[in-house]
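Here are a few exercises to work through with the model open in your viewer. Try each task before you read its solution.

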Amino acid sequence: MSILYEQMAESIENGMVSKVKELTQKALDEGCEPKEIISNGLLPGMNEVGILFKEGELFVPEVLVAAKAMSAGMELIKPLLKDGEVQSAGKCLFATVKGDLHDIGKKLVSMLMEGAGYEIIDLGVDIDPESIVEEVKKHKPDLVGMSAMLTTTMVAMKDTVEALKENGLYEKVKVMIGGAPVTGKYADEIGAYYSEDASAAVDLANQLIRAS
Ligand code: B12
């Protein structure tokens with residue numbers, strides 16, 4: 001069976017969407033537990049992709065295809081999972097901030113986080129602080145991830161942190177920020193945590209969850 005899982009992980013790394021689907025179906029037909037398929041085949045594949053991306057061996061388009069391949073497998077498994085069967089690493093709400101339409105980096109971060117077992121709620125782009133507050137009230141995430149690619153929209157991250165504070169939500173979540181113009185210094189100033197790329201974001205999220 002481990003060979004099947006190895007093939008599954010390898011096919012994710014190589015972005016082979018239909019192969020991952022086929023191998024996942026094969027594993028299900030052979031009676032493998034959905035949870036086992038995720039932890040022994042799909043997640044190790046996506047984890048490896050995260051490592052290769054960090055090391056500069058893989059680039060953005062390849063990561064996106066790998067994530068698509070993993071999702072193809074997940075699609076088959078999701079309907080079979082009973083509530084609570086797979087323990088989520090944590091819940092993370094993502095948004096690109098008000099005025100900003102860039103979402104490639106944010107998608108990459110959320111895909112790698114999903115690959116690491118996080119439950120992701122992506123609000124999309126151009127999301128104002130009030131909407132983020134409302135969605136935090138609704139979904140009660142562990143983490144809030146904000147992305148900005150324009151120097152002019154970075155300020156919306158500060159506004160959102162302020163809005164979370166005003167609504168008594170800041171103590172209940174950890175705020176992660178990122179995007180090309182964002183720095184660790186800016187994150188410190190506004191009371192958020194920073195990571196510069198997608199795989200560092202997964203490490204940061206894991207640290208924040210462990211510390212909470
Ligand atoms: C693609 C792109 C676009 C696309 C966006 C498509 C999309 N769906 O995202 C389009 C064409 C729409 C666009 C529009 C504009 N763009 Co543009 N765009 C880019 C470009 C070329 C690439 C950005 C990108 O996707 N990079 C790849 C991803 C993977 O990297 P990333 O986003 O940095 O994300 C990584 C990290 O930052 C981090 N990260 C990102 N988000 C988060 C969030 C969290 C929580 C964490 C932890 C980490 C994290 O992890 C990611 C993965 O490693 C950049 C130039 C560049 N080289 O960066 C310009 C750039 C960002 N754009 C720029 C500009 C000026 C604009 C426009 C104003 C252009 C115009 N005059 O109309 C508009 C603004 C539209 C708007 N209101 O947002 C400028 C910004 C300058 C500035 N400092 O303010 C740049 C830098 C180009 C330039 N050199 O002038 N753009």
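**Exercise 1. The annotated span**

Find where UniProt places the feature "domain: B12-binding", and describe the secondary structure of that span.

Solution. Start with the record: the unreviewed UniProt entry puts the feature at residues 89-212. Next, turn to the coordinates, bearing in mind that this is a predicted model. Residues 89-212 are 45% helix and 18% strand. Finally, check the two ends of the span: their C-alpha atoms sit 12 Å apart.

**Exercise 2. Two domains and what lies between them**

Split the protein into its assigned domains, then work out how much area is buried between domain 1 and domain 2.

Solution. The domain assignment gives residues 2-80 as domain 1 and residues 91-211 as domain 2. Measuring from centre to centre on the C-alpha atoms, you get 26 Å between domain 1 and domain 2. Now look for contacts, taking heavy atoms within 4.5 Å as the cut-off. Twelve residues of domain 1 touch eleven residues of domain 2. As for the area, about 980 Å² is buried between the two domains, and carbon and sulfur atoms give 75% of that. On the domain 1 side, Phe53, Lys54 and Leu64 supply 39% of the area buried against domain 2, more than any other three residues.

**Exercise 3. Polar links across the interface**

How many salt bridges cross the interface of domain 1 and domain 2, and which side chains meet in a salt bridge at 2.8 Å?

Solution. Apply the 4 Å cut-off between a Lys or Arg side-chain nitrogen and an Asp or Glu carboxyl oxygen. The rule finds one salt bridge across the interface. The side chains that meet at 2.8 Å, N to O, are those of Asp203 and Lys54. Counting polar contacts between the two domains also gives one residue pair.

Now see which helices build the domain 1 side. Both α3 (34-54) and α4 (60-77) supply at least two residues each to the side that touches domain 2. The largest share, six residues, comes from α3. By type, the residues on this side are eight nonpolar, two polar and two charged.

**Exercise 4. A long-range tie**

Count the salt bridges, then explain why the Asp203 and Lys54 pair ties together parts far along the sequence.

Solution. The total comes to seven salt bridges. Asp203 belongs to helix α9 (residues 198-211) and Lys54 to helix α3, so this pair links parts that are 149 residues apart in sequence.

Note on methods
Residues are numbered from 1 along each chain as its sequence is written. This is a predicted model: local features need pLDDT of at least 70, side-chain atom pairs count only at pLDDT 80 or more; totals for chains, interfaces and linings use all residues. Side-chain values use heavy atoms; hydrogens and water are left out. UniProt positions are given in the numbering used here, feature names are shortened, and annotations may be inferred rather than shown by experiment. Helices (H or I, at least four residues) and strands (E, at least two) are DSSP runs, numbered from the N terminus. Domain bounds come from an automatic or database domain assignment. Buried area is the accessible area (1.4 Å probe) that two parts lose on being put together, summed over both. A polar contact is a pair of N or O atoms within 3.5 Å; within protein, one must be able to donate a hydrogen and the other to accept it, and residues adjacent in sequence count only if both atoms are side-chain atoms. Ala, Val, Leu, Ile, Met, Phe, Trp, Tyr, Cys and Pro count as nonpolar, Asp, Glu, Lys and Arg as charged, and the others, Gly among them, as polar.
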